[in-house]
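Grab your favourite viewer and work through a few exercises on strands, burial and a ligand shell. Try each task yourself before reading its solution.

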Amino acid sequence: MTTPTTPAPSTPLPAATILGYPRIGPDRELKRAVESYWKGATSADELRAAAAGLRRATRERLRGLGLAGPAAVPADFAYYDQVLQVTSALGAVPPRFAHLRGGAGHGHPGLGLEGHFTVARGQGDLAAQEMTKWMDSNYHYLVPEIDESTPLDYVPGFGAIDPTDGPAAQVLEALAAGEPDPRPVIVGPVTYLLASKPADGAAPGFRPIDRLDDLLGAYGHLLADLWAAGAQWVQIDEPALVADTWAVPREEILAAVHRACTWIAAIVERPQVLVTGAYGSLGDALPVLGATGIEAVGLDLVAGALPRAEELAALGGKSVVAGVVSGRNIWRTDLEAALAALECLRNALPAGTPLTVGTSTSLQHVPHDVEREASLDPVIRSWLAFADQKVGEVLTLARGLAGSRDAIADELARDASLRAQRATHPGVRRAEVRDAVGAITPADRQRPPYAERKPLQDARLGLPLLPTTTIGSFPQTPQIRDARAAHRRGELDAAGYEAQMRAEIERVVRLQEEIGLDVLVHGEAERNDMVQYFAELLDGFATTEHGWVQSYGSRCTRPSILWGDVARSAPMTVAWSSYAQSLTDKPLKGMLTGPVTIMAWSFVRDDLPRAEVADQLGLALRAEVADLEAAGIGVIQVDEPAIRETLPLRRADQPAYLEWSVGSFRLATGGAVSATQIHTHLCYSEFDVVIDAVDHLDADVTSIEASRSRMDILPAVAARGFTRQLGPGVWDIHSPRVPSTEECAELIGRAVDALGAGSVWVNPDCGLKTRGYAETTSSLGNLVAAAARVRDGL
Ligand code: GLN
Ligand code: ZN
């Protein structure tokens, strides 16, 4: 490695920019184009043309909104995922995908479009790469699988023919289209490796970060290629630096960053480099970056704190992009506060440091344009800023920073008045809700001891050993979806809709009786989504028409907006559940979504601590639990698949989070009488940091995902002294494959060995809403037969 040299900045960064923009398109154009290609309805050329059209529209939109000057417009397009974009360009795939390398043609080792999607989605027996959450967002990336010999190659000059439209291709395209200075965005080398997992068959102890030097070689070629293509700046995203929860020790991560940035800076022909650390504070990584020859750093000043003066001094005059406009939420930026933060930063930085106003993260986590939300209450709409409005905010703040406050006096005044109006708007603060939260006592979060509850529940429910159940939803058939769409359009009246849902519930109850399940469910036919269903019924939420955000690949969600105090004006699930219970003598399980999951999958108000919002939701759900009990429902499941996923990225922040998140669940369920059996469902089995939290949820029965890991985690769970009942999923519902009775019995046997027969429930991994009836009926049949077989052998 050579020593760092810092080329004199040829072009400075602009006064305002954004770190990235939604890729899916205002009308989910990318989703449609990609899915139509997958179905074979359109060709690869048509898909690439659609993607090029979307990129052109984005560039024009961003320039039209006023982003101006050099390198102001990011080029961050990805067909599926930004991490996969790197994997594809480098051909960095495990042996099962080796045949896809070279698919880009012209002797390049990278993947072509077809291979790119095969890695993302799998094909036949070829399992797709795993997906996991990007930092603490709701976006999911494809986890690279790296071992000692995974190819990490980049061939320069590939841009012109790159079928996956990677960064160099995007630069060439933008320049050809007249965009003067596109700024390519790539996932940084340290983050790429930390976000990877060791490939199957990697040597014991091997860690992807061990391949840093090889990866840097490839990035060197990539950067040279971007330079040759004409990029003046490149944005290298290193969000992994803000988390301290990686398995690699912090000192090693800092050493890797130093090595990577020093090496990159030493490349002679390269664009200037902006390294961003979004989703939190860079902390001790900031001085490390300062000591290298990169030209600029991006700070997240929304999730992260303003760095200390010494840390800023250590930047040695590098340009700073100050992320004061949130890329994560949909609220207007508090312009006064943001301007104050910018001024404070400018004063703390060495004199003359170039300062750019930016977003905290890419805007990929927010929808495009709030102006399109014609059905949203205009008052609530006026409080919101989606991606396009946020572009306006960075521009406003840049004008304010460059001139004086007077330059943006109108905007500051308007923002202050909207803010004041929001604070007093009916529903934002409801005395009865605040009083109820204020009156919560520790006893409200405490059920009688489990040892007392268990015999009462056993006596009431009369279940066999190894009771069988499902996680709640049954397949959402086209008829169900058609009925819901017709109802929404006003073509099917409420009575007609309800009759159809009841017929569906009856069918699902009968089916479960025929299969021989022990604890039945109503099947959730009436739920469009496990969070939106509740958001639509609770006070304090709004929903959007066009507010789609990418969850992964072509999958988008439309999060609800939690803007006011949450209250339940009427029961939400009781009619459906009690109708289902009226059809059967078997116990029927009521089904609710927990407070943490409702928050995790919504846009949550920024004017109240999250813990308080969670308790408001907890109280609303507690009332629902009481009504279900009063209607004779003896088993109630409160789903919390999101507790693990919103875990803070810094260890120091985790205990407080777990305290309020677990507390809100206990508030929701703490009023249930001893004889009511409370279940919870978590979608994962990465129990590591959360096992104690799961124990503290104090649910009588917890169902988890476990079939993919073949119950391997159960001995550890038992060793930790988990004493309640556990339903480790025995059927991986993420695939249509029907597990045999033998397979299910083997897994149940393993669970019994680990936990004891008295603690084990038999159920699938997760809800069945995405499955078809054919595999559902056969799989559940096998699951029930397997439970009986193991029970008989006890
Ligand atoms: N009860 C929900 C269902 O069965 C749970 C879904 C989930 O865990 N994501 O669909
Ligand atoms: Zn699940």
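The exercises below refer to this predicted model.

**Exercise 1. Find the order of the strands in the open sheet of 7 strands, and name its edge strands.**

Solution. Start with the pairing: the sheet is open, its strands pair in parallel, and the order reads 1-5-7-8-9-10-11. Next, look for strands that pair on one side only; these are strand 1 (74-75) and strand 11 (355-359). Now zoom in on the second of these edges: strand 11 runs parallel to strand 10 (residues 319-325), and 5 bridges join the two. To check the register, pick valine 320, which stands opposite leucine 355 of strand 11.

**Exercise 2. Decide how the side chains of strand 18 are arranged, and whether its residues are buried or exposed.**

Solution. Begin with the general pattern: in a regular strand, side chains alternate between the two faces of the sheet. Then apply the pattern to strand 18: Val635, Gln637 and Asp639 point one way, whereas Ile636 and Val638 point the other way. Finally, count neighbours, using 20 or more other C-beta atoms within 10 Å as the cut-off for buried. By that criterion, 5 of the 5 residues in strand 18 (residues 635-639) are buried.

**Exercise 3. Which strands pair with strand 18, and how does the chain go from strand 18 to strand 19?**

Solution. One partner is strand 16 (residues 589-593), paired in the parallel sense over 5 bridges. Here lysine 589 has valine 635 of strand 18 as its bridge partner. Another partner is strand 19 (residues 677-681), again parallel and with 5 bridges. In this pair, aspartate 639 stands opposite histidine 681. To connect strand 18 with strand 19, the chain passes through helix 23 (residues 654-669), giving a right-handed β-α-β crossover.

**Exercise 4. Locate the residue that UniProt lists for "active site", and explain why it counts as partly exposed.**

Solution. First, read the record: the unreviewed UniProt entry lists His734 under "active site". Second, place the residue: histidine 734 sits in the loop between strand 21 (725-728) and helix 26 (741-755). Third, classify it: histidine 734 has 13 C-beta neighbours inside 10 Å, so it counts as partly exposed.

**Exercise 5. How many residues surround ligand 1, and how do they divide by character?**

Solution. The shell holds 13 residues, and the closest are Ile471, Gly472, Ser473, Pro641 and Gly767. Sorting the shell around ligand 1 by character gives 6 nonpolar, 4 polar and 3 charged residues.

Notes:
Residues numbered from 1 in each chain as written. Chains lettered and ligands numbered in written order. Predicted model: local features only at pLDDT ≥ 70, side-chain atom pairs only at ≥ 80, totals over all residues. Pairing = 2+ DSSP bridges. Helix = DSSP H or I, 4+ residues; strand = E, 2+ residues; numbered from the N terminus. Near = placed C-beta within 6 Å. Nonpolar A, V, L, I, M, F, W, Y, C, P; charged D, E, K, R; others polar. UniProt positions renumbered as here; feature names shortened; annotations may be inferred. Buried ≥ 20, exposed ≤ 12 C-beta atoms within 10 Å, placed from the backbone. Right-handed = clockwise from strand over helix to strand, strands pointing away.
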